[in-house]
Amino acid sequence: EPMVVWDKVTRLKRLVSITRKPNTQWKQELGILRPPKNFPEIKKGWPVFDRPFDPSQLETLSSFRVYKPPEKPRVLVSRNSSDYTQDNLHELMGKFQFEVRGQFPGNAELAEREVFKTAYALHLVGWLKVRGYFWLGHVQGDTYALSYFRRWLEEKHLSGEAGTMDWVRLWDMNTGLESPLEYKHLICVKDRRKYKNRKVHILSSLEKVQIKRFEREAAQQLRKQEERAPFGGGGA
């Protein structure tokens, strides 16, 4: 009996010596309160990470076989800046994505028309998503057209009737794309949601507007009460 207890004690000491102590100066030791690991969503055995909005990926694939033309020989694009001059710089293709925040009244119909005409006149391809409070877009084309469209966005060349642009954000800017490009046309992504789903969004936006109005009226009433109150608050 004592030998069994002694063996267990020596084994316990051996395991404790092997186990490393957590270094709290390097990272926090949460112990049993450690949160679970974040795993991506798995679809058909493949992990799906956060991806930017792309209307081409939302289309459901047909169950029928789609004809695929024979692959054309790949044309390598030179990415050396010394190979391009003012004469052949238009042959260099590029892309970028953008986001615009602001106020665009009338269901942003006039703003959508203006930004679409501007991009279409520059022979850009991709997609545009224009709503009442924001824009999203992904455009591709030659470098000259992209630079003009980027300047149009950054300098906020939008008419006053179409709305106001508060700020512009550009990302995923790249040049040296191989032809043919990923997109072949310029499209506007419309709101295809059903009315019951759009109604929920409309009601929530109306509630926000009403709350702001109540807060503004409460602040005005409080200011009037402070102005009417006698200064000093003197007593008898």
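Is Gly 137 buried or exposed? In this predicted model, Gly 137 has a relative accessible area of 2% and is therefore buried, the cut-off for that class being under 20%. The residue belongs to strand β5. Outside the four places on either side of it in sequence, Gly 137 is in contact with Phe 96, Gln 97, Phe 98, Trp 127 and Leu 128. One of these partners, Gln 97, stands 40 residues away along the chain, yet the C-alpha atoms of Gly 137 and Gln 97 are separated by 5.6 Å.

The protein chain as a whole contains 4 helices and 7 strands. Their order along the sequence is α-β-β-β-α-β-β-α-β-β-α. Of the 236 residues in the protein chain, 22% are buried. The exposed surface of the chain amounts to about 20400 Å², and 56% of that area is supplied by carbon and sulfur atoms. When contacts between residues at least 6 apart in sequence are considered, 75% of them join residues at least 24 apart.

In soluble globular proteins, nonpolar side chains tend to be buried together. In the present model, the largest nonpolar core comprises 23 residues. Those with the most contacts inside this core are Phe 96, Phe 98, Phe 104, Trp 135, Val 139, Phe 149 and Leu 153. At least two residues of the core come from each of β3 (93-103), α2, β4 (125-130), β5 (134-142), α3 (143-154) and β6 (164-175). The greatest contribution is that of α3, with 5 residues. Val 139 touches Gly 94, Lys 95, Phe 96, Phe 98, Leu 124, Val 125, Leu 128, Leu 146 and Phe 149, residues up to four places away in sequence being left out. Another core, of 7 residues, lies apart from the largest one, and its members include Leu 136, Leu 177, Leu 181 and Tyr 183.

Open space in the model was also examined. The largest pocket holds about 980 Å³ of space. Two elements, α2 (109-121) and α4 (195-228), give two or more residues to its lining. The lining of this pocket consists of 26 residues, and those nearest the pocket centre are Asn 107, Arg 131, Gly 132, Tyr 133 and His 201. Helix α4 provides the largest share of the lining, 9 residues. Sorted by class, the lining has 10 nonpolar, 7 polar and 9 charged residues.

Terms used
Residues numbered from 1 in each chain as written. Predicted model: local features only at pLDDT ≥ 70, side-chain atom pairs only at ≥ 80, totals over all residues. Heavy atoms only, no water. 1 Å grid on protein atoms, 1.4 Å probe; cavity = no way out; pocket = protein on both sides within 12 Å on 5 of 7 lines; lining within 4 Å. Points joined across faces, edges and corners; volume = space filled by probe spheres on them. Nonpolar A, V, L, I, M, F, W, Y, C, P; charged D, E, K, R; others polar. Core = buried A, V, L, I, M, F, W, Y, C linked by side-chain atoms within 4.5 Å. Buried < 20%, exposed > 50% of the residue type's maximum accessible area, 1.4 Å probe, protein only. Contact = heavy atoms within 4.5 Å. Areas by Shrake-Rupley, 256 points an atom, 1.4 Å probe, with all protein chains shown as cover.
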